[in-house]
Amino acid sequence: PTRLTVDGVETEIERTALKLPGFVMGSKEHESARRGIATHSFLQFFELQGFGTGKAAAELDRLVSAEFISKADAERVRINEIELFAKSKLLEDMKNAKKLYREFRFNVMLPASLFTGDEEKKTAFAEREILLQGVIDCLIEDGDGNLHLVDYKTDRLGSAELADRSLAKKALSEKHQLQLTSYAQAVEKIFSKRPKTVSVYSLPLGETVELDINYS
């Protein structure tokens, strides 16, 4: 990883672009996946301190010129959603972070019992561990030393969910609760403290939605 300090903000970033599996072809579902990966690439590589409202298109052009993003992927990025991100509290929190990890890759051993709600299986797996590998999109350490885990999601939301934040939270929680719970447990093991908040940043919504994490 590369460590950068810009305007007092220490950042750790991996210059490794996300890639689709070779079997991905051109279906609607796969094109949606490509859009999601292109958006994640932008959020992985954009220049933090110089970014703001009205700069999405120019920053995308810069990333293409610097070969962080291909021209084809740049055309898949929804500029309107990146402009929403430019206005978000999340971007402000990233800029004000004491330490910021972008695309934080991890490998940790965790108890197998954490990954089942079945009490019988919890007992059976009590002595076993499994290897968890993943990539945390954004991990913020604030000025008080608290950790905030954020995962970017490009899931399409319905008009009702976009209009009602509680419905958006319900939809995003149901889909991503297990993943984010396991990521929070990984953070706890790596940093020896639990994240203060665990959230999904919804690109269509333009906001973070905090999830309720059960560590038991």
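By contact I mean heavy atoms within 4.5 Å of each other, and I will use the word in that sense throughout as we go through this predicted model.

Let me start with helix H8, residues 165–191, where the buried residues are covered by a set of elements that includes strand E3 (99–111), E4, strand E5 (147–153), helix H7 (159–163), E6 and strand E7 (207–210). The buried residues in question are Ala168, Leu172, Ser173, His176, Leu180, Thr181, Ser182, Tyr183, Ala184, Gln185, Ala186 and Val187. As for the course of the helix, a straight helix of 27 residues would span 39 Å at 1.5 Å a residue, whereas H8 spans only 31 Å between its end C-alpha atoms. There is also a kink of about 65° in H8, and histidine 176 is at its centre; histidine 176 is, moreover, among the buried residues of this helix. Once H8 has ended, serine 192 follows with a positive phi, near 60°.

Two of the covering strands deserve a closer look, and I will take E6 before E4. Serine 199 lies in strand E6, residues 197–202, and counts as buried because its relative accessibility is 7%, where the cut-off for buried is under 20%. If we set aside residues up to four places away in sequence, serine 199 touches Leu149, Val150, Asp151, Leu180, Thr208, Val209, Glu210 and Leu211, and of these Leu180 is one of the buried residues of H8.

In strand E4, residues 129–141, we find glycine 134, which at 14% relative accessibility is likewise counted as buried. Leaving out neighbours within four places in sequence, glycine 134 is in contact with Phe104, Arg105, Phe106 and Tyr183, and Tyr183 is again one of the buried residues of H8. Between the C-alpha atoms of glycine 134 and phenylalanine 106 the separation is 5.6 Å, although these two residues are 28 residues apart along the chain.

Finally, I turn to helix H2, residues 56–65, and ask which of its residues are buried. They are Ala56, Glu59, Leu60 and Leu63, and, viewed down the axis of H2, these buried residues fall within an arc of 105°, so they line one face of the helix. As background, an α-helix has 3.6 residues a turn, so residues three or four places apart point the same way. On the other side of H2, by contrast, Ala58, Asp61 and Ser65 are exposed. Just after this helix comes glutamate 67, where phi is positive, at about 65°.

Methods:
Residues are numbered from 1 along each chain as its sequence is written. This is a predicted model: local features need pLDDT of at least 70, side-chain atom pairs count only at pLDDT 80 or more; totals for chains, interfaces and linings use all residues. Side-chain values use heavy atoms; hydrogens and water are left out. Buried means under 20% relative accessible area, exposed over 50%, partly exposed in between (1.4 Å probe, protein chains only). Helices (H or I, at least four residues) and strands (E, at least two) are DSSP runs, numbered from the N terminus. The arc is that of the directions from the helix axis to the C-beta atoms. The expected span of a helix is 1.5 Å times one less than its number of residues. The bend at a residue is the angle between axes fitted to the seven residues ending there and the seven starting there.
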